Amino acid sequence: MDKFVIAGGTALEGEVATSGSKNAALPALAAALLTDKPVILRRIPKVRDIRTMQRLLVDIGTQVEVADETVQLRTERIVCPEAPYELVKTMRASSLVLGPLVARCGRARVSLPGGCAIGARPINLHIFGLEQLGARIHQEHGYIEAQAPDGLRGATVHFDRITVTGTEDLMMAAVLAKGETVLLNAAREPEVGDLAELLIQMGARIEGAGTSTIRIQGVDRLEGADHRIIPDRIEAGTFLIAGAITNGELAVTGCNPDHLGALVAKLQQAGVEVRQPDATTLRVRSGVPLRSVDMTTEEFPGFATDLQAQYMALMTQAEGIAIVVETIFENRFMHAQELARMGANIRLEGKQAIVAGPRLLTGAGVIASDLRASASLVLAALVAKGETVIDRVYHIDRGYERIEAKLAGVGANIRRVE
Ligand code: EPU
């Protein structure tokens with residue numbers, strides 16, 4: 001198992017580029033199941049979750065050709081409409097094939113995901129939505145089986161709570177359903193908007209993506225498309241925090257600042273200078289001592305839960321007390337104990353973490369428990385005194401493309417050891 005060895009204390013300086021969004025690329029890949037025509041996707045990040053999704057699609061019957069950041073997919077025929085436990089247990093986003101498979105071939109068999117490091121994460125809302133669209137669903141042997149032999153019918157689906165992949169799954173199911181579907185209380189995340197753009201290019205009729213009401217008029221068939229995935233706002237945000245926490249001056253290029261508003265506002269309140277020299281670059285500089293600022297995670301456009309762990313690392317270096325509240329997942333504070341091993345002062349009380357700073361962090365052996373928790377440990381290690389060894393970095397490889405090379409490129413002392 002690979003580890004990162006990081007010697008802290010260097011201010012990061014220079015430019016670091018943003019890769020394509022993992023969480024936009026995953027549903028875009030699944031959308032290729034909706035047509036027998038070629039779908040070309042550009043700026044696909046080279047991360048493990050993407051490889052897992054490509055493997056799943058190949059098993060289902062998709063031809064997948066990868067050339068650098070471009071992936072060409074063609075699903076002339078669905079051979080096996082199934083997402084097996086072996087894949088779903090390593091990546092919950094595998095359930096994104098459920099909607100497209102039922103829409104394209106009238107049936108799907110998808111493993112239930114089981115436990116997860118950050119919370120229960122059921123897929124009941126995906127199932128509820130498909131039932132509204134007329135699918136018959138039953139559960140057996142840890143799998144859900146969905147059937148719609150005569151096709152899906154448009155319907156109104158009111159989500160009980162906001163779900164990102166649930167909204168995407170239903171949108172993909174509805175584009176080939178008969179008649180109109182209305183998704184209410186839909187997720188407004190930029191990744192949903194990006195998927196809608198791709199589907200519209202394929203011939204789907206969708207209005208309102210990016211708002212909480214999405215209207216979809218079903219069509220008989222979809223065509224191919226050539227689509228460029230949006231930049232990864234979570235990767236970009238992680239780099240902005242890296243610049244701030246190391247007292248550096250870092251330009252994050254190739255990002256979409258409109259997707260990073262909630263983080264930028266918090267950074268500015270904390271005393272970090274954030275400028276936007278051009279449409280796709282954000283530059284951070286943190287000359288003054290950082291101030292503690294409370295933060296609560298929310299659905300977009302609120303502060304992303306996927307940046308909560310990284311923000312907590314930053315707050316260990318800020319003057320005062322910051323209350324960090326996690327409202328999206330029940331158990332997303334695993335990094336707090338590891339940060340405490342490095343010297344952070346963090347008290348957990350249910351949904352909130354109380355972070356008192358600034359604290360001198362010192363290098364230690366720590367364990368990455370999930371993707372974003374690992375990123376927060378990398379950030380803490382960059383500012384810690386001495387050497388930190390982060391174990392189980394396969395978590396970080398799920399969603400960050402060559403993070404050690406990108407950080408080393410702006411001055412970090414980080415290496416991967418096997
Ligand atoms: N929920 C339900 N029932 C459902 C679906 C969700 O109760 O059927 C609950 C979840 O348990 C959670 C909340 O609703 O408490 C929100 O979950 P959501 O469905 O929005 O999460 P997701 O779609 O499974 C995506 C991202 C996550 C990100 C969340 C929240 C992808 C592939 N994953 O997950 O990304 O944290 O939205 O923004 O898009 C990551 O990249 O590290 C990551 C975990």
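Student: Which residue has a polar backbone atom 2.5 Å from an oxygen atom of the ligand?
Tutor: Good place to start, and do keep in mind that this is a predicted model. The shell around the ligand holds 23 residues, and those coming nearest are Asn124, Thr163, Thr165, Asp306 and Ile328. The backbone contact at 2.5 Å belongs to one of these five, Ile328.

Student: How much of the ligand's accessible area does the protein cover?
Tutor: Taken on its own, the ligand has 830 Å² of accessible area. The share of that area covered by the protein is 89%.

Student: Which elements give two or more residues to the shell around the ligand?
Tutor: Let's go along the chain. Helix 1 (22–31) and helix 5 (124–132) each qualify. The others are helix 6 (164–174) and helix 12 (371–383).

Student: Where does the ligand lie with respect to domain 1 and domain 2?
Tutor: Domain 1 covers 3–19 + 231–417, while domain 2 covers 22–228. Both give residues to the shell around the ligand, so the ligand lies between them.

Student: Is helix 12 largely enclosed or largely open?
Tutor: Here a residue counts as buried when its relative accessible area is under 20%. Among the buried residues of helix 12 are Leu371, Arg372 and Leu382. In total 12 of the 13 residues are buried, so helix 12 is largely enclosed.

Student: Which residue caps the N-terminal end of helix 12?
Tutor: Look for a side-chain oxygen 3.1 Å from the backbone nitrogen of Arg372. That oxygen belongs to the capping residue, Asp370.

Terms used. Residues numbered from 1 in each chain as written. Predicted model: local features only at pLDDT ≥ 70, side-chain atom pairs only at ≥ 80, totals over all residues. Heavy atoms only, no water. Near = heavy atom within 4 Å. Polar contact = N/O pair within 3.5 Å; in protein donor to acceptor, adjacent residues only side chain to side chain. Areas by Shrake-Rupley, 256 points an atom, 1.4 Å probe, with all protein chains shown as cover. Helix = DSSP H or I, 4+ residues; strand = E, 2+ residues; numbered from the N terminus. Domains from an automatic or database assignment. Buried < 20%, exposed > 50% of the residue type's maximum accessible area, 1.4 Å probe, protein only.
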